[in-house]
Amino acid sequence: MYADTISDAMDEAIKETKRRREVQEKYNKEHNIVPKTITKEIKEIISNDIVKDDKKKISKKDKEKLIISLEEEMKAAAAKMDFERAIELRNIIYEMKGI
């Protein structure tokens, strides 16, 4: 935190952070845990090359059915709290609708 003076709220937050860090370090030491950085692969935000190719080949009726199916899948993903997948599906739907 950066400031000219430390307010009461800042002081309390700093002390709480220090206390929590000490508790975590003690726990880690007792259980021989060595913290390590989480590494995750970076996914492509929108991977809808298939949809782009299909846009030219499918009929309007099939396109509408596909959009309805994607919307159901998007809602199911959101219900499972898989928001990354839900956003990906939403973007594909927008692209298919031309929004």
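Modeller: Let's fix one word before we start: in this predicted model, a residue is exposed at over 50% relative accessible area, buried at under 20%, and partly exposed in between.

Biologist: Fine. Why does Lys 15 count as exposed?

Modeller: Its relative accessibility is 54%. The cut-off is over 50%, so Lys 15 counts as exposed.

Biologist: And what makes Asp 11 partly exposed?

Modeller: Asp 11 has a relative accessible area of 30%. Partly exposed lies between the 20% and 50% limits, so that's the label Asp 11 gets.

Biologist: How do you know that Lys 15 and Asp 11 meet in a salt bridge?

Modeller: The N to O distance is 3.1 Å. A side-chain nitrogen of Lys within 4 Å of a carboxyl oxygen of Asp is what the rule asks for, so the pair qualifies. They sit four residues apart in helix H1, which means about one helical turn separates them.

Biologist: Why would four places along a helix suit a pair like that?

Modeller: An α-helix has 3.6 residues a turn, so residues three or four places apart point the same way.

Biologist: How many salt bridges does the rule give?

Modeller: Six. One of them joins Lys 97 and Glu 71, with the closest N and O atoms 3.1 Å apart. That pair links distant parts of the chain, Lys 97 in helix H4 and Glu 71 in helix H3, 26 residues apart.

Biologist: Why is Lys 97 called partly exposed?

Modeller: Lys 97 comes in at 45%, and exposed needs over 50%, so partly exposed it is. Glu 71, at 24%, is partly exposed too.

Biologist: What makes Glu 73 and Arg 85 a salt bridge?

Modeller: Their closest N and O atoms are 2.8 Å apart, and the limit is 4 Å. This pair also links distant parts of the chain: Glu 73 is in helix H3 and Arg 85 in helix H4, twelve residues apart. Salt bridges with shared partners also tie Glu 16, Arg 19 and Arg 20 into one network.

Biologist: On to H3. How do you know that its length agrees with what a helix should span?

Modeller: At 1.5 Å a residue, the 20 residues of H3 should span 28 Å, and the end C-alpha atoms are 29 Å apart, which agrees.

Biologist: Which residues of H3 are buried, and how are they arranged?

Modeller: Ile 67, Leu 70, Met 74 and Ala 77 are the buried ones. Looking down the axis of H3, they fall within an arc of 85°, so they line one face of the helix. They pack against H4. The face turned away from that buried side carries exposed residues, among them Lys 61, Lys 65 and Glu 72.

Biologist: What sets Met 81 apart in its backbone?

Modeller: Met 81 has a positive phi of about 65° although it is not a glycine. It sits in the loop between helix H3 (60-79) and helix H4 (83-97). Asn 32 is another non-glycine with a positive phi, about 50°, in the loop between helix H1 (8-30) and helix H2 (49-57).

Biologist: Why is Met 81 called exposed?

Modeller: Its relative accessible area is 64%, and the cut-off is over 50%, so exposed fits. By that test Asn 32, at 69%, is exposed as well.

Biologist: Which surface patch does Met 81 help make?

Modeller: A nonpolar one of about 330 Å², made by Met 81, Phe 83 and Ile 87.

Technical notes. Residues numbered from 1 in each chain as written. Predicted model: local features only at pLDDT ≥ 70, side-chain atom pairs only at ≥ 80, totals over all residues. Heavy atoms only, no water. Patch = residues over 30% accessible without salt bridge, like charges linked within 9 Å, V, L, I, M, F, W, Y side chains within 5 Å. Areas by Shrake-Rupley, 256 points an atom, 1.4 Å probe, with all protein chains shown as cover. Helix = DSSP H or I, 4+ residues; strand = E, 2+ residues; numbered from the N terminus. Buried < 20%, exposed > 50% of the residue type's maximum accessible area, 1.4 Å probe, protein only. Expected span 1.5 Å × (residues − 1). Arc of directions from axis to C-beta. Contact = heavy atoms within 4.5 Å.
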